[in-house]
Amino acid sequence: MIYLCVASAAITVIAIAAAIVLTLSIESSEILAREGLSFVLSSRWSPSEEDYGFYGIALPLVSTLVVGALATAIALALSVAAVVYLHEYAPRQIREVISAASFAMAALPTVVFGMWGLSTVAPLVREAGLSSLCARGSPTGQSVFTAALVVGLMLTPYASSVVSAAYDAVPFTYIEALHSLGALGFERARVLLGMVKRSVAAAALLSFGRAVGETTIVALTIGSAFNLPLCPFEPAHTISSLIASQYGNAFLYPGLASALSAAALLLLAASAATTALGTRIAGAVVTGVVRHESEEH
Amino acid sequence: MRAPAVRTQELSVWYGQSQALHSVTITVPRGAVYAVLGPSGCGKSTLLRAINKLVLLREGARVEGLVEVLGVDIYRDSSAEGVLSRVSMVFQTPNPFPHLSIYDNVAIGPRLRGMAKGKELDDLVRWALEKAALWDEVKDRLKSPASSLSGGQQQRLCIARALATMPELLLMDEPTANLDPVNAAKIEELIKELSREVTIILVTHDAEQARRLASTGVLLFMGRVVSEGPISSILSRSYSSIIQSLVASARRQQAA
Amino acid sequence: MRARSIRRRLADLAVHLLTAASALAILGAAGHILLSALIEGLPVLLRGASFFLEPPGPPGGDVGGVSPSLAGTLVTVAIATLASTALGVPAGVMLSEARGSPLARVAERAVELIAESPSIVVGLVVFTLLVVPMRTPSALAAAVSLSVVALPYVAAQVRESLAAIPLVYREAAFSLGLPKWKTVFLLLIPMNARGVATAVLLGSMRALGETAPVLFTAGAAFQAFYGIDKPSSTLSLLVFFFAGTPYENWRKLAWGAVLLLAMLSTSLAFLTRRLSSGVRM
């Protein structure tokens with residue numbers, strides 16, 4: 001009886017996952033049949049009310065990857081640096097403060113980050129004159145850079161917890177060995193980071209997966225423009241911000257719904273692939289540490 | 001008269017509330033193999049780590065008293081770091097950095113100190129591996145990761161790593177405890193060889209090993225010095241009977 | 001040797017400063033976010049009952065309040081918590097206790113997939129499956145969306161905390177001779193009450209914080225709460241839409257909502273931490 005309960009819950013969960021994949025596949029079949037690969041390769045986005053229109057997501061695709069990569073780089077740089085500071089240099093009290101702050105930050109809804117990005121970071125970018133560095137620089141300060149910066153900050157608590165856990169897991173004897181060799185803080189960090197490089201890679205992949213799927217922050221800070229951002233201070237669209245801003249028109253333009261579903265399917269595939277890879281890698285936390293007892297020659 | 005390799009006076013170490021060493025006073029003469037003997041938990045490892053300040057890495061560690069290494073008061077003198085760079089350590093469980101190659105493991109100490117580069121570094125690494133009786137076994141695979149070596153080889157690699165910085169004092173924390181007899185014997189050979197050039201402080205729970213290798217030493221029990229001096233006088237009776245009577249008198253004291 | 005030693009020390013100092021600066025940057029950003037929320041939002045919140053009970057004022061007019069969106073948030077989060085718990089707890093139990101069985105293995109992948117799905121994708125699917133047939137966005141659709149997003153976290157938490165029950169207690173429980181699933185239900189789960197409570201909290205935290213899943217599904221009815229099967233809104237949607245508006249009073253409301261959301265999430269988070277750190281056996 002209980003088993004039935006539990007099993008049916010499991011089946012329902014499977015059904016939900018299947019529904020997600022199936023719905024998207026069915027909805028996107030139309031546009032993929034019509035456009036095939038040019039859906040991904042073309043930068044032409046022209047909705048039409050009468051006929052089908054043409055939808056190419058090349059531009060948002062590129063921006064998605066750019067924002068993802070940039071945000072991941074920012075998150076990783078900040079995380080690794082913070083972890084090294086906390087483990088090699090920081091006194092105990094500071095460690096606790098930063099740990100609490102990181103925890104609070106991880107709990108904040110993304111819309112809070114988005115609001116902050118819009119009200120603080122975008123004006124900063126605008127006023128620092130960074131927009132004028134670009135040909136089509138954003139007048140509002142909303143840009144690829146702004147989005148990547150805020151998303152990167154949002155990702156930092158999680159990335160640093162992954163790296164920090166791995167760093168903590170390094171057996172104490174290696175720390176003693178490094179001290180006995182007279183290694184200074186940054187010299188120890190170099191060796192220890194080498195031992196946890198798998199976790200750093202995992203953190204990067206997991207962060208990238210989340211960055212690619214992030215909608216709220218990006219929609220508020222990227223400037224929603226069909227643009228190829230050769231320069232980071234220009235506005236653009238990512239796939240997620242595109243979906244977010246265009247869904248309302250789905251009723252007007254017959255082909256749009258299918259296009260958005262196809263875009264969503266792409267997003268799902270990208271996010272799932274990077275996250276799955278990241279979780280696999282994170283399994284082996286510290287590189288090469290083998291516990292062996294008395295062994296033979 | 002040169003200063004002794006190590007001299008401690010009234011050395012006490014606490015980990016938080018519990019006291020690991022009580023007023024330990026010892027003298028380690030230069031060029032000797034000095035054994036630190038005692039049952040487990042007697043403070044041998046703590047004493048060793050008090051000598052190269054690794055004890056400070058532990059939570060809530062506190063050190064009182066004097067520790068002089070090669071004539072320098074390492075807890076108060078500002079040139080402590082300089083003198084400690086002439087001290088190396090080998091640990092109980094072999095701990096070569098697993099992701100680094102054999103070569104890089106040996107080279108790490110010299111590299112940090114800028115002791116040698118290029119060809120000179122290659123020669124230094126070779127020298128250290130030869131001294132550690134490992135060269136012949138690894139000379140064709142210096143780039144392989146250290147984790148590919150067996151336990152006994154890894155310990156010899158750690159010895160090479162410790163020797164590469166040309167220390168004057170070598171601290172060894174039960175270096176053969178986790179090895180099989182064949183490898184243990186190899187390492188004991190090594191220690192005898194090395195003792196001609198380096199002062200060695202050897203922590204061991206194996207009285208016979210102390211008799212074989214050491215000239216002088218100290219017997220610790222519950223963080224206190226029981227006896228110090230030539231090995232023959234510390235181990236005038238059988239080791240087990242010494243320990244038995246120590247344990248018995250400790251019990252009597254507790255009951256009282 | 002000396003010069004090298006000085007260079008090393010300088011390099012160490014440089015790294016020390018650089019990494020400290022990064023940590024400071026993170027701290028500063030987090031602080032600034034919370035501070036901005038406080039400075040901009042507190043005055044709005046302190047207007048008292050009107051913030052919680054009134055709808056937003058007209059554009060450029062009175063500030064008013066966020067009551068319909070607040071109601072929407074409460075309703076959707078409540079439903080989402082219930083639904084994700086009702087599904088997630090048994091699913092988590094299956095994942096932990098029937099590990100290795102074909103059903104559990106497929107379910108494990110399914111949970112992973114849902115967790116890996118960007119929340120906007122979930123919103124889009126619920127939009128297609130629920131909003132389009134119903135011909136209207138609704139609080140119900142939003143709640144369903146949020147339930148799906150929260151589900152994997154609940155299931156994973158339950159699975160982990162069950163798996164963490166030490167072997168000795170498991171053996172004791174099973175040695176009583178009851179059928180397997182009765183043992184799980186009557187003994188292991190109560191042993192693990194904290195883990196389940198944490199899972200529920202996690203589920204509601206997720207539901208509270210998400211915006212993207214409700215974007216297409218809730219609607220944008222900020223002026224009133226019309227009912228569960230009618231267009232509605234949530235606090236996070238209010239922030240999303242009012243954040244960029246040129247109207248001063250609406251932006252103030254957005255900040256008030258931001259502060260409210262921030263306070264709710266951080267309290268839930270600390271509660272979760274308290275609970276899970278107390279899971280000692």
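Two residues count as being in contact when their C-beta atoms, placed from the backbone, lie within 7 Å. On that footing, in this predicted model, 68 residues of chain C are in contact with 65 residues of chain A. On the chain C side of this interface, the biggest contribution comes from helix α1 (residues 2-45) of chain C, which gives 19 residues. Sorted by class, the side of chain C that touches chain A holds 49 nonpolar, 14 polar and five charged residues.

Chain C itself is split by the domain assignment into domain 1 (2-46) and domain 2 (67-277). Their C-alpha centres sit 33 Å apart. Between these two domains of chain C, eight residues of domain 1 are in contact with eight of domain 2. The domain 1 side of that meeting is made up of six nonpolar residues, one polar and one charged.

Turning to chain A, there are twelve helices and two strands. Reading from the N terminus, the elements of chain A go α-α-β-β-α-α-α-α-α-α-α-α-α-α, with the two strands coming after two helices. The C-alpha atoms of chain A fit a box of roughly 75 × 65 × 40 Å along the principal axes. Of the 297 residues in chain A, 56% are buried. As for sequence range, take the contacts in chain A between residues at least 6 apart in sequence: 76% of them join residues at least 24 apart.

Chain B brings in a sheet. It is an open one of six strands, ordered β6-β7-β8-β3-β9-β10 (chain B), and the pairing is mixed. The edges are taken by β6 (87-90) and β10 (224-230) of chain B, each of which has a single partner strand, so one side of each has no neighbour in the sheet. Averaged over neighbouring strands and ignoring direction, the turn between them is 15°. Further in, strand β3 (residues 33-37) of chain B pairs with strand β9 (residues 216-221) of chain B in the parallel sense, over four bridges. Here L37(B) stands opposite L219(B) in β9(B). Helix α6 (residues 151-163) of chain B packs on this sheet, where it touches β6 and β7 (169-173) of chain B. The direction of this helix makes about 175° with that of β6(B).

What about the nonpolar core? The largest one has 268 residues, and V13(A) and L202(B) touch the most other members. Helix α6 (residues 139-163) of chain C supplies the largest share of this core, at 17 residues. Beyond its neighbours within four places in sequence, L202(B) is in contact with V33(B), Y34(B), A35(B), V36(B), M172(B), I191(B), L213(B) and A214(B).

Finally, a couple of backbone oddities. Most residues other than glycine have a negative phi. M166(B), however, has a positive phi, near 55°, and is placed in the loop between α6 and β7 of chain B. M166(B) counts as partly exposed because it has 16 C-beta neighbours inside 10 Å. R135(C) also has a positive phi, near 60°, and lies in the loop between α5 (119-134) and α6 of chain C. With 7 other C-beta atoms within 10 Å, R135(C) is exposed, the cut-off for that class being 12 or fewer.

Technical notes. Residues numbered from 1 in each chain as written. Chains lettered and ligands numbered in written order. Predicted model: local features only at pLDDT ≥ 70, side-chain atom pairs only at ≥ 80, totals over all residues. Core = buried A, V, L, I, M, F, W, Y, C linked by C-beta atoms within 7 Å. Buried ≥ 20, exposed ≤ 12 C-beta atoms within 10 Å, placed from the backbone. Pairing = 2+ DSSP bridges. Axes fitted to C-alpha atoms, helices over the stretch in contact; angles between N-to-C directions. Domains from an automatic or database assignment. Nonpolar A, V, L, I, M, F, W, Y, C, P; charged D, E, K, R; others polar.
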